[in-house]
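Got your viewer open? Let's take a walk through this structure, one selection at a time.

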Amino acid sequence: MTTYTFQRSIPVLEDCYDLIVAGGGPAGAAAAICAARLGAKVLLVEGTGCLGGMGTSGLVTAFDPMANGERRLVGGLMNEIVETLYARQLLRPDIDPDAWRKSYHKWTAFQVEGYKLVLDELCVDAGVELCFFTKVVDADADVIKGTVNGVVLHNIEGFTYVKAKTFVDATGDAILSHLCGVECREAGRDTPGIMPATLASLFTGINWDQTKGRSYEIQQEMLEKALADGHFSQPDRHLPGMAKVNHTVGYLNGGHLFNLNALRCKDLTEGIIFGRKLAREYMDFYRKYVPGFENIEHVTTASLLGIRESRRIVGEYELNVHDYFARRQFPDQIGMFNKSIDIHPYNNSEEEYNRYYEEFEKMGRLGVGECFGIPYGILVPKGWRNLWVAGRCVSSDVQVHGSIRVQPAASMMGQAAGTAAVQAIKTGQAACELNTETLICTLRDNDAYLPQEELSYDMTRV
């Protein structure tokens, strides 16, 4: 390959931050807000014009299960956000608060613009310095020492070099970690396949009363009829479905983009074009086949593709499916979770759909009252001293990734990473050598549900 040398002198920002967070999704927002509340000087860098990631720019307007049928598992900042949305009537209007406080495998739908405003307010109130329309494009890091000195940012003003004491990678694709030289695993390269992406949409004009509480069952029944009629250009058997957002609005999680490599711009470009085509096909499907949807209008597709899998770091610990099925609890766990293993079909075959259905509905689902722990070690790139990751780029195997890649888990991981960064600054402890007993106690003080009786200075590594 022919190469071109790109070299220039760029301004160095005089300010040195305690923490720079790359990515303002649920993980990054939580890391920044929680670190700032603990007194850190935080810069939050986000490539779009809002926080929330897949919940806002991606139009995935429902939080995944936060309880296990007996109690709330997800506390901390994520719970604060949901309770704030509820108090402001920004959740689905007929929702039962037990959906996130107690119920088993229930989703919590919210209104996008309200969520954006709440995240803005939380950041501003905490003193987080926000930098929208900005991306991390390079890193000044020492792979041997496992340290990051600074990052190169790019926005409308050009390039800037910014220093910080600590860093959190919440980009979803482990972009900052990759730039630093962290060892990573890529979907499709280091795994047998790539979980498909989806371009979500918002629709209006829905008469939810006609579904009589059987919306998903009716949608699936009509999908099978439409497939038999040859309605779709892509015979996709898996339809997560149209979910109620408010009285007439729904968000569509439908239309898979198979074999899309989210680390390739060509794939992202072709995928979003095809995703918009599929959105039109699904609108026609709902109008023609599903009662109550005859007069729907397509409001918009998301500005971000719903990427489920791309790149994950190799961490101090890799959470695995054996831990999941053992309902394993860890001394250093920074979150508890219950959601099913949710690995969407890799192709259109009946065999893949049946594999998904059995796994999600039966074989890969924990029972009522059960949960598994998310250990601190999966947030730390192996051997790194001042870098953490949070969100879907953490260290886990494919199957557990299918459970923890979602917004509530990402927020818990972000809160833990931001809290750990502040602890590291105050104590001089490295990320890879952090006193996790202190970390757990701080998280508990900030409403995290962490019931483990045994705590440990050292993180779980084996």
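Start by selecting serine 395 and tyrosine 317: a polar atom of the serine's side chain lies 3.0 Å from the backbone oxygen of Tyr317. Keep in mind as you click around that this is a predicted model.

Stay on serine 395 and look along the chain on either side. Ser395 sits in the loop that runs between β19 (387–389) and α10 (398–404). Is serine 395 buried or exposed? Serine 395 has a relative accessible area of 1%, and anything under 20% counts as buried, so this serine is buried. Now show what is around it. Leaving out residues up to four places away in sequence, Ser395 touches Ile313, Val314, Gly315, Tyr317, Glu318, Leu319 and Ile378.

Next stop: a sheet. Select β12, β13, β11 and β15, and you'll have an open sheet of 4 strands, in exactly that order, with antiparallel pairing. The edges are β12 and β15 (297–301), each of which pairs on one side only. Turn the sheet slowly and look for the twist, which averages 30° from one strand to the next. What holds strands together like this? In general, strands of a sheet pair through backbone hydrogen bonds, either parallel or antiparallel.

Now zoom in on β13 (residues 250–253). Which way do its residues point? Gly250 and Leu252 point one way, while Tyr251 and Asn253 point the other way, and all of them are buried.

Look at the β12 neighbour of β13. Strand β12 (residues 241–244) runs antiparallel to β13, and 4 bridges join the two. Alanine 243 has tyrosine 251 as its bridge partner in β13. Follow the chain from β12 to β13 and you'll go around a hairpin of 5 residues.

Then swing over to β11 (residues 201–204), which pairs with β13 in the antiparallel sense over 3 bridges. Here, serine 201 stands opposite leucine 252 of β13, and leucine 202 has tyrosine 251 as its bridge partner. Before you leave the sheet, add helix α7 (residues 265–289) to your selection: this helix lies across β11, β12, β13 and β15, and runs at about 155° to β15.

Time for a pair of helices. Select α2 (residues 76–87) and α11 (residues 407–427), which pack with their axes 7 Å apart, at an angle of about 130°. That angle makes α2 oblique to α11. Show the side chains where they meet: Gly76, Leu77 and Met78 come from α2, and Gln407, Pro408, Ser411 and Gln415 come from α11. Colour this contact by residue type and you'll find 3 nonpolar residues, 4 polar and no charged ones.

Last, a couple of backbone oddities. Most residues other than glycine have a negative phi. Select histidine 105, which isn't a glycine, yet has a positive phi of about 55°. You'll find His105 in the loop between α3 (98–101) and β4 (108–109). With a relative accessibility of 9%, histidine 105 counts as buried.

Finish at arginine 327, which also isn't a glycine and has a positive phi of about 50°. This arginine is in the loop between α8 (321–325) and β17 (333–337). How accessible is arginine 327, and what does it count as? Its relative accessibility is 29%, so arginine 327 counts as partly exposed.

Methods. Residues are numbered from 1 along each chain as its sequence is written. This is a predicted model: local features need pLDDT of at least 70, side-chain atom pairs count only at pLDDT 80 or more; totals for chains, interfaces and linings use all residues. Side-chain values use heavy atoms; hydrogens and water are left out. Buried means under 20% relative accessible area, exposed over 50%, partly exposed in between (1.4 Å probe, protein chains only). A polar contact is a pair of N or O atoms within 3.5 Å; within protein, one must be able to donate a hydrogen and the other to accept it, and residues adjacent in sequence count only if both atoms are side-chain atoms. Contact means heavy atoms within 4.5 Å. Axes are lines fitted to C-alpha atoms, for helices over the stretch in contact, and angles run from 0 to 180 degrees between N-to-C directions. Angles under 35 degrees count as roughly parallel, over 145 as roughly antiparallel, 65 to 115 as roughly perpendicular and the rest as oblique. Ala, Val, Leu, Ile, Met, Phe, Trp, Tyr, Cys and Pro count as nonpolar, Asp, Glu, Lys and Arg as charged, and the others, Gly among them, as polar. Two strands pair if DSSP finds at least two bridges between them.
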